[in-house]
Amino acid sequence: MTLQVQKSWLDSLQEAVWLVDAKSLCIVQSNEAAARLLGLSCDAMQGMSVLRLAVTLEDQAFWGGTTEEIARGIDSYTHVLRGDGAWVAVARRVAALQALDGSGYFVLSMLDRTAQENTERELEALLAELRATLDSAAEGILVCDLQGRIRAFNRRMAQIWGIPERLLVERDDQAVYAHMAAQVIDKKAYKRRLAELAKQPEAQACDILHLRHGVVVERLVVPQLQRGEPAGWVYSYRDITQQQADRQRIQELAYTDALTGLPNYRQFAQRVDAAIQEASEKALGFAIVFLDLDRFKIVNDSLGHSFGDRVLQLVAERLASCLRQTDMLCRLGGDEFVLYLHEADAVAAEGVVRRILESMLRPYELDGMGFSVMCSMGIALYPQDGATLDELIKQADTAMYRVKDRGRGNYSFYQPQMNAHLLSRMKLEHAMRQALAAQRFAVYYQPQVSLATGGITGAEALLRWTDPELGTVSPGLFIPLAEESGFIIALGAWVMEQAVREAAKWMHAGHPLVISVNVSTLEFRQPDFVERVTRLLAVHQLPPSLLEIELTESIMLQDALEMEERLRQLAGLGVSLAIDDFGTGYSNLAYLKKLPIHKLKIDQSFIRGLPDDEGDLAIVRAIVGMGQALHIEVVAEGVETAAQRTALQRLHCGHFQGFLCAPALPPTEFWQKLAHSGVATQDALADPLC
């Protein structure tokens, strides 16, 4: 075989080929493919050392070996140097060749790998980007084949599961799986679920996993498909610990009272609805208790709402301690609570409310301050008192208000007649509010008579109501209702105006007379009360000395300093001040000494027993004596017999009023009586009317 034949044969090959002399390691022949690959002509490469173009460290080591080592050949990837100095990636193979003349050669064939290397480089870059993207994902990713072998995962997955670095380096799949299973609180359920998923390679699943140390993980499983067929699974893990906590907080806010942490009405209603369903199936009953704290407004007004809220928290804790686990306590709002007593009959319910009352008797202490909080409770029983929660709460509320009416600090079972009572009260209140606009109210006047002269010395203005449907309504019935509803403010203002107008009329007719007007505590506490009285006196040109305001002793129970200042303002105007029903209320004698009180009115309950009842006689004597000592006039109310009048005269009481002289009279009748009585004289005692 000649070299020319070799040249022709080499040029026909697609691969680049060098024929290298075994002794000199110089290129003795190359083909056109080698010329194109390296950018050198075949003539230029002829005689060139192979180490000039194959200059990598691997080539240096290979061609630096012995002839026998080189003859064993090599097959690998490398780079060769082009004529322009650029590197060319090639797949290189070296084999020994023995010529016919006995000379030795090495055949080096090269296949251009530039395009393949560029593709691999792009793939590597893409894989690097994918890996970076995977590692930067917020969710943990784990990819497994159908045999459970781990194909890929990201760092977030390792962080969520707390996988040690050594397991990540060792790539021990079973050790990783064992570590993950050990992190789950319910390990058996976790493994059972994985076994179920393994039987359904095409199924998707979403589970919530509770890990140790309080971590909550959402796991999403989707199948990995290749050519439409399942090839494994992709698990994504998301840490939802905070979301779960937020969701739980939202749930708590939706079903609990923010202040006390007790169940709110929504949760309470669900519990009672379930109890009603259960009771209808098993013929069981239960009790609903409506609880309201007594006079809790005083706590808020005196110590502030923040302090009041803390008191409510203490009350809630104490109430809850009186209940069983099967019961439920709910705060409706403000100072109102409602209780569900599971399977409780009347006896059991009464036992619970008694326990609550006893517990509430223990004093509370907050910020070093001791105080008491009492409550009133109404009880309704299922099913006899109502078939729904709304009905039961309504009936229990009705029973609770009956307790409020009777003095508070106790409990009462609902009775059907209570609703009839409330309905009549509601109708009465409606009629009362309509009556003022319809001019169905009238002011009557009852004479106040001097026990010394028998003459009329004053008159008390008294409100009367005649209704077309209800007839004559007793003041003892509608006045308390007006006070409770707040309507007494409007009524009192109307009475005051009518009385001042009538007194001015009498004065201008030549019969000046002191008019006494009852004022409720609620009306007296209105900020503009003194200003309103001043304006009325000016408008009707009535001297202040002809107006007397009657107040009860309870006026000094609240805001004593403010009330004292208001009394002094009225006294400064010249208006007289009287204490009505003296001896039945506050009975703190200190205010008589320091306040500008002009008159005491002895309550009729102490007059009825005169002259025979020694106790009443002693009380009246004491009040009269105290009035004389303090220079305060005394009026006896409710005098109905001549014997009572005589007893009062002997006790040196100053004045009286009552049926013995006259009941409360319309203005025209009173005017006639006033004109008939004339000026108070001793001879007037013979008048049969007085």
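**Close-up 1. His-179 is a buried residue, with a relative accessible area of 17%.** This is a predicted model, and here we zoom in on one histidine. A residue counts as buried under 20% relative accessible area, so the 17% of His-179 puts it in that class. As for where it sits, His-179 belongs to helix α10, which runs over residues 173–183.

**Close-up 2. His-179 and the residues it touches.** Skip the neighbours within four places in sequence, and His-179 is still in contact with Trp-161, Gly-162, Ile-163, Pro-164 and Leu-167. Gly-162 is worth a second look: its backbone oxygen lies 2.9 Å from a polar atom of the His-179 side chain.

**Close-up 3. Helix α25, residues 614–630, from end to end.** With 17 residues at 1.5 Å a residue, α25 should span 24 Å, and its end C-alpha atoms are indeed 24 Å apart, so the two values agree.

**Close-up 4. The two sides of α25.** Which residues of α25 are buried? They are Asp-616, Val-620, Ile-623, Val-624, Met-626 and Gly-627. Looking down the helix axis, these buried residues fall within an arc of 160°, so they line one face of α25. An α-helix has 3.6 residues a turn, so residues three or four places apart point the same way. Over on the other side of α25, Glu-614 and Ala-629 are exposed.

**Close-up 5. Where α25 starts and what follows it.** Asp-613 caps the N-terminal end of α25, with a side-chain oxygen 2.9 Å from the backbone nitrogen of Gly-615. Just after the helix comes His-631, which takes a positive phi of about 60°.

Terms used. Residues are numbered from 1 along each chain as its sequence is written. This is a predicted model: local features need pLDDT of at least 70, side-chain atom pairs count only at pLDDT 80 or more; totals for chains, interfaces and linings use all residues. Side-chain values use heavy atoms; hydrogens and water are left out. Helices (H or I, at least four residues) and strands (E, at least two) are DSSP runs, numbered from the N terminus. Buried means under 20% relative accessible area, exposed over 50%, partly exposed in between (1.4 Å probe, protein chains only). A polar contact is a pair of N or O atoms within 3.5 Å; within protein, one must be able to donate a hydrogen and the other to accept it, and residues adjacent in sequence count only if both atoms are side-chain atoms. Contact means heavy atoms within 4.5 Å. The expected span of a helix is 1.5 Å times one less than its number of residues. The arc is that of the directions from the helix axis to the C-beta atoms.
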